[in-house]
Amino acid sequence: MFLVITAALYVSGQDEAIEAVRERGALIASSLAQTGQYGLVSGNSASLERSIQRLVESDPTIASIHLRDPSGRVVAAAQALNRQASLTFEREMRADVFALDLLDNSGAAASGTVPDAATSEGRVVGKVTVRMSSEPIVQQRLRRIAYGAAAVLFAAAISVLAGLTLALRLREPLRAVMAALREIRQGRFDVTLPTGASGELGELQATINEMAHGLSVRREELQALVESRTADLQAAMEQARIADAERRRLIARSNRQLEDERKRIAVEIHDHLNASLIGLRSKAQHIAEVSAGMSGATAREVNVTATEITDTIAGLYKSARDLIKQLRPEVIDVLGLTGALQEMTREYNQLVPAIRFVLHVPPDFPTMRGQVAIVAFRLVQEALSNVVKHSSASRVEVSLTAPPGSAEVLIAVRDDGVGFDPAKVPGGSLGLAGMRERVSGAGGRMRIRSRPGRGTRVTFRLPLVDDEEGTV
């Protein structure tokens, strides 16, 4: 920028110098044309030459002056040897009276030129030729420009030095400020800046210290609040976990009590009701046999009645046996879960011939007994009952698996029925709610996957070890 300004000043100064030389040369030529005509007419060429020689010596911009007579002969001449002419000015010298007010030169001063010395009717007595050199003025202007540029450069250097000094003074405080801001950005608020600086820098340091202190206090408050809320949340979660565990224990205990009650009722029916029915059937058969050997209408009527009683007691006995199986499947105690489910699928195939029931059990599946086996049996029983009532399926598959290294058994019941949207199942569905409660009480998990028209798959995951009994 400094070089551009200097070059612009140089070009402008050179143009102004040439313009000044042009005005000066025109003025000198006009003045010599007015004043030199008397010496030229009188033939006093020596005086003219001395005058123009002094003029050349006194004015460094004049390279040479020549006065010629009308024939072109040089009458008087003066020349500076070391000056190179760049502009030439010529004026005619006339012998008539001047039409110029020598006391009022405002017009010449304003326009920079002097009007011709004589009217067009004057006699030409000679010609003056002035050659001007612009180098002195150009050099003078260049010296001024150089002095000005040097002053500007000096002032710029002083400014740069002052700026560098100020920057060096601000460098360390600003570096400390930036380091403190980086620490704050990374979450470390224990920063303290020295507050010895004055002005805006000191105010910035104090503001950063206050901000860091405020952020530190706020973080401690937030940490305390988070710790308090976390402790409350953990306590609530622990209470919920305890409540859930207690609920599962209550459900498991209720299921065990229910199974125990069913077992007690089954035992009572087996030991008392069935025994009584067997006794009554024996007596009715004895009456039928005795009446068969007697004659008469009364004997025949007694025989028919005794036979009907025998058949009715046999039906009641069969119903009681079926009720005992529903209350307490004895096959679980004898053959385990696998045998009980085989018996269940066989009975469903007989009772519901429109649906094909298939059981898949791997050879290495453990023989499950106890409470977990009863829970699994009841879950499959409820799932098959729902399939028969709601699915309109043609095939149902029940699979049992126990993944190696896992302490749980996976039970899946899949059908090819109409399916449903699990999200739209009414909340009062007792079948699904009962299964979920039974699975939760056993410490397991239940999942339903179904879509309309794509069938249904219900899976149960139950622990192999019963927490209460410690057996499978």
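Okay, one term before I start: when I say buried, I mean a residue with under 20% relative accessible area. With that cut-off, 32% of the 472 residues in this protein chain are buried. And keep in mind that what you're looking at is a predicted model.

So, the overall picture. The chain has ten helices and nine strands. If you take the contacts with a separation of 6 or more, 72% of them are between residues 24 or more positions apart. The exposed surface comes to about 29,100 Å², and carbon and sulfur atoms supply 56% of that.

Let's go to the sheets, beginning with the four-stranded one. This is an open sheet, the order is β2-β1-β4-β3, and the pairing is antiparallel. At the edges you'll find β2, residues 74–79, and β3, residues 87–94, each of them pairing on one side only. On average, neighbouring strands here are turned by 10° against each other, ignoring direction.

Zoom in on the β1 and β4 pair. β1 covers residues 62–68, β4 covers 124–132, and the two run antiparallel over six bridges. If you want a spot to click on, try Leu67, which has Val128 of β4 opposite. Then look at what lies across this part of the sheet: helix α3, residues 45–58, sits across β1 and β2, at about 20° to β2.

Now the other sheet. This one is also open, with five strands in the order β5-β6-β7-β9-β8, and its pairing is mixed. Why do β5 (356–360) and β8 (445–450) each have one side without a neighbour in the sheet? Well, they stand at the edges, so each has a single partner strand. Ignoring direction again, the average turn between neighbouring strands in this sheet is 10°.

Further in, β6, residues 395–401, pairs with β7, residues 408–415, in the antiparallel sense, and there are six bridges between them. One to pick out is Val396, whose bridge partner in β7 is Asp415.

Last stop, the surface. There's a nonpolar patch made of Phe154, Ile158, Val160, Leu161 and Leu164, and together they have about 500 Å² of accessible area. Phe154 belongs to helix α5, which spans residues 135–185. Is Phe154 buried or exposed? It counts as exposed, because its relative accessibility is 57%, and the cut-off for exposed is over 50%.

That's my tour, thanks. Happy to go back to either sheet or to the patch.

Technical notes. Residues numbered from 1 in each chain as written. Predicted model: local features only at pLDDT ≥ 70, side-chain atom pairs only at ≥ 80, totals over all residues. Heavy atoms only, no water. Buried < 20%, exposed > 50% of the residue type's maximum accessible area, 1.4 Å probe, protein only. Contact = heavy atoms within 4.5 Å. Areas by Shrake-Rupley, 256 points an atom, 1.4 Å probe, with all protein chains shown as cover. Patch = residues over 30% accessible without salt bridge, like charges linked within 9 Å, V, L, I, M, F, W, Y side chains within 5 Å. Salt bridge = Lys/Arg side-chain N within 4 Å of Asp/Glu carboxyl O. Pairing = 2+ DSSP bridges. Axes fitted to C-alpha atoms, helices over the stretch in contact; angles between N-to-C directions.
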